[in-house]
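Dear colleague,

Please find below the structure that I am handing over to you. My notes on it come directly after.

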Amino acid sequence: MPTIKEVRNAVKATLQAAFDDTAVYERVPASVVVPAVLIVPAQGDYLVVHGNGGTSWEFDLVVVVPSADEDVAQDILDDYIDARGDKSIVAVVHANPSLGRADCSAVVRRLSNYGIKYAVSGTEYIGATLRLSVLATHA
C-alpha cells in the first residue's frame, strides 16, 4: 500500500506527463509559476485500513492561473476543469486512474471554489479546486 507521499508523487507524475506547460506542485509552494496545479491533502479515511484493504485519500487539486485579465483567466481555467479536452485534468485522471501504479485507483469527484482569488508571495491568481479521490490498496 503506498504512502501519502507516494500517492502525491504519482498524481504529480500523471499530471506532468499530460501537461508540459503547467507547473505541478506536490506541496504548497512559497511561490508558483502559473498555470499551476497544487496537490493538497484534504481528507483520509483510515477505516478501510482496519479491514487491511487500503486507505482512501482525498486531495484538493488547486488550479491557479494568471489573473491580469479576468476573462482570459477564466477561459484558461475552464480548460483545466472541463470534463474533456486537451487541458482537462478530469480527462487525464479518467484515462489514467491507476496514476501509473498497481495499487491506486483515482477519480476526480467534484469542482468547488471556481473563481476564487489565491495570493501566493504577494501575487494574486484566480483559481478553482477539483476534488480527487484515490483508493490506495495492496498491489
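The following paragraphs set out what was found, beginning with the sheet and ending with the surface.

Please bear in mind that this is a predicted model.

The sheet is open and has 5 strands. Their order is 1-2-3-5-4, and the pairing is mixed. Strand 1 and strand 4 (104-120) form the edges, as each of them pairs on one side only. From one strand to the next, the twist averages 25 degrees.

Two of the pairings may be described in detail. Strand 1 (residues 23-25) and strand 2 (residues 36-45) run parallel and are joined by 3 bridges. Within this pairing, Ala 23 stands opposite Ala 36 of strand 2, and Val 24 stands opposite Val 37, also in strand 2.

Strand 2 is also joined to strand 3 (residues 54-66), here by 9 bridges, and these two strands run antiparallel. In this pairing, Asp 45 stands opposite Ser 56, a residue of strand 3.

As regards the surface, which residues gather in a patch of negative charge? The patch consists of Asp 69, Asp 71, Asp 75, Asp 78, Asp 79, Asp 82 and Asp 86. One of these residues, Asp 75, lies in helix 3, which covers residues 70-81.

In brief, the two topics of this message are an open sheet with mixed pairing and a surface patch of negative charge formed by Asp residues.

Yours sincerely

Terms used. Residues numbered from 1 in each chain as written. Predicted model: local features only at pLDDT ≥ 70, side-chain atom pairs only at ≥ 80, totals over all residues. Heavy atoms only, no water. Patch = residues over 30% accessible without salt bridge, like charges linked within 9 Å, V, L, I, M, F, W, Y side chains within 5 Å. Areas by Shrake-Rupley, 256 points an atom, 1.4 Å probe, with all protein chains shown as cover. Salt bridge = Lys/Arg side-chain N within 4 Å of Asp/Glu carboxyl O. Lys, Arg positive; Asp, Glu negative; His and termini not counted. Charge placed at Lys NZ, Arg CZ, Asp CG, Glu CD. Helix = DSSP H or I, 4+ residues; strand = E, 2+ residues; numbered from the N terminus. Pairing = 2+ DSSP bridges. Axes fitted to C-alpha atoms, helices over the stretch in contact; angles between N-to-C directions.
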